[in-house]
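Ready to get to know a new structure by working through it? Grab a pencil, try each exercise, and then check the steps below it.

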Amino acid sequence: MKTLELDREVVEISGKYGKSKENLPGILQELVAKKGYLTEKTVRDLAKDMDISANEVYSVATFYSFIKTKPTGKYVIRICQTISCELAGKEEIVKALEKELRIKCGDTTDDMLFTLERTNCIGMCDQGPAMLLNDEVYTKMDSKKAVELIREYKSKDILK
Ligand code: FES
């Protein structure tokens with residue numbers, strides 16, 4: 001039986017960090033920075049190289065919203081889903097953006113411009129609901145402001 005070769009980049013990065021499970025977040029973050037997102041092969045190769053199961057790799061990858069497991073849009077919108085933002089009304093924002101973008105939370109628009117996701121606390125709990133648009137933090141959001149913001153990004157992108 002032919003042994004499939006492991007991705008050299010995966011082996012190099014896991015070797016650099018050390019093949020211990022507690023290094024998985026750092027390894028995965030660097031792989032995403034290099035590759036854009038984690039493919040199934042990357043996960044399988046990393047699991048094999050670290051001598052752990054692919055499920056263990058996936059469970060770490062899916063815990064952290066910044067570790068992408070599928071292609072994402074140019075603009076990634078992350079709505080905080082933790083308790084303060086939940087109580088401040090984040091779900092209304094999610095619903096408004098799903099309607100505006102015509103996607104479900106977790107998905108990407110067909111033009112690959114926007115991805116909509118939920119994330120855990122981003123440290124702006126006293127100014128919720130809070131959201132991230134790529135690296136920009138937006139606080140005290142509501143549905144109207146969020147939709148206007150997305151339209152602004154869209155029109156700026158079209159004007160480029
Ligand atoms: S709970 Fe939303 S930023 Fe902390």
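**Exercise 1.** In which loop is the place of Asp51? Work that out, then decide whether Asp51 is buried or exposed.

*Solution.* Before starting, keep in mind that this is a predicted model.
- Step 1: go to the loop between H3 and H4, and there you'll find Asp51.
- Step 2: count its neighbours. There are 7 other C-beta atoms within 10 Å of Asp51.
- Step 3: apply the cut-off. A residue with 12 or fewer such neighbours is exposed, so Asp51 is exposed.
- Step 4: look across to Ser20. Asp51 and Ser20 sit 31 residues apart in sequence, yet their C-alpha atoms are 9.6 Å apart in space.

**Exercise 2.** Describe the protein chain as a whole, starting with its helices and strands.

*Solution.*
- Step 1: tally the elements, and you get seven helices and four strands.
- Step 2: read them off in sequence order, which gives α-α-α-α-β-α-α-β-β-β-α.
- Step 3: size up the C-alpha trace. Along the principal axes, it spans about 55 × 35 × 25 Å.
- Step 4: check burial. The chain has 160 residues, and 25% of them count as buried.
- Step 5: see how far contacts reach. Taking contacts with a separation of 6 or more, 62% join residues 24 or more positions apart.

**Exercise 3.** Work out how H3 and H4 pack, given that their axes cross at roughly 120 degrees.

*Solution.* A quick reminder first: two packed helices are described by the angle between their axes and the distance between the axes.
- Step 1: place the helices. H3 covers residues 40–50 and H4 covers residues 54–63, and their axes come within 8 Å.
- Step 2: classify the angle. The range 65 to 115 degrees counts as roughly perpendicular and over 145 as roughly antiparallel. The crossing of roughly 120 degrees falls in neither, so H3 and H4 are oblique to each other.
- Step 3: add the handedness, which is right-handed for H3 and H4.
- Step 4: list who meets whom. Val43, Arg44, Leu46 and Ala47 come from H3, and they meet Ala54, Glu56, Val57 and Tyr58 of H4.
- Step 5: sort these contact residues, and you have six nonpolar, two charged and no polar ones.

**Exercise 4.** H1 packs with H2 and also with H3. Describe both pairings.

*Solution.*
- Step 1: begin with H1 (residues 8–17) and H2 (residues 24–35). Their axes come within 9 Å and cross at roughly 145 degrees, and the crossing is right-handed.
- Step 2: find the contact. H1 brings Glu9, Val10, Ile13, Ser14 and Tyr17, while H2 brings Gly26, Ile27, Glu30, Leu31 and Lys34. Sorted by type, that's five nonpolar, three charged and two polar residues.
- Step 3: turn to H1 and H3. Here the axes are 9 Å apart, at an angle of about 45 degrees, and that makes H1 oblique to H3. This crossing is right-handed.
- Step 4: list the residues. Val10, Val11 and Ser14 in H1 meet Thr42, Asp45, Leu46, Asp49 and Met50 in H3. They divide into four nonpolar, two polar and two charged.

**Exercise 5.** Which residues touch the most other members of the largest nonpolar core?

*Solution.*
- Step 1: look through the 16 members of the core. The best-connected ones are Ile77, Ile79, Ile93, Leu97, Met131 and Ala146.
- Step 2: trace the suppliers. S1, H6, S2 and H7 each give at least two residues, and H6 gives the most, with four.
- Step 3: look for another core. A second, separate one has 13 residues, including Val10, Leu24, Leu38 and Met50.
- Step 4: go back and zoom in on Ile77. Leaving out residues up to four places away in sequence, it touches Leu97, Phe114, Thr115, Leu116, Glu117, Met131 and Leu133.

**Exercise 6.** Track down some backbone details, beginning with the peptide bond from Gly128 to Pro129.

*Solution.*
- Step 1: check omega. It is near -5 degrees, and the bond is cis. Pro129 belongs to the loop between S2 and S3.
- Step 2: check phi at Met112, in the loop between H6 and S2. The value is positive, near 60 degrees, in a residue other than glycine. Met112 is exposed, with 12 other C-beta atoms within 10 Å.
- Step 3: do likewise for Lys140, in the loop between S4 and H7. Phi is about 45 degrees, again positive without a glycine, and with 12 C-beta neighbours inside 10 Å, Lys140 counts as exposed.

Conventions:
Residues are numbered from 1 along each chain as its sequence is written. This is a predicted model: local features need pLDDT of at least 70, side-chain atom pairs count only at pLDDT 80 or more; totals for chains, interfaces and linings use all residues. Axes are lines fitted to C-alpha atoms, for helices over the stretch in contact, and angles run from 0 to 180 degrees between N-to-C directions. Angles under 35 degrees count as roughly parallel, over 145 as roughly antiparallel, 65 to 115 as roughly perpendicular and the rest as oblique. A crossing is left-handed if the near helix is turned anticlockwise from the far one by less than a right angle, and right-handed if clockwise. Two residues are in contact if their C-beta atoms, placed from the backbone, lie within 7 Å. Ala, Val, Leu, Ile, Met, Phe, Trp, Tyr, Cys and Pro count as nonpolar, Asp, Glu, Lys and Arg as charged, and the others, Gly among them, as polar. A residue is buried if 20 or more other C-beta atoms lie within 10 Å of its own, exposed if 12 or fewer, and partly exposed in between; C-beta atoms are placed from the backbone. A nonpolar core is a set of buried Ala, Val, Leu, Ile, Met, Phe, Trp, Tyr and Cys residues joined through C-beta atoms within 7 Å.
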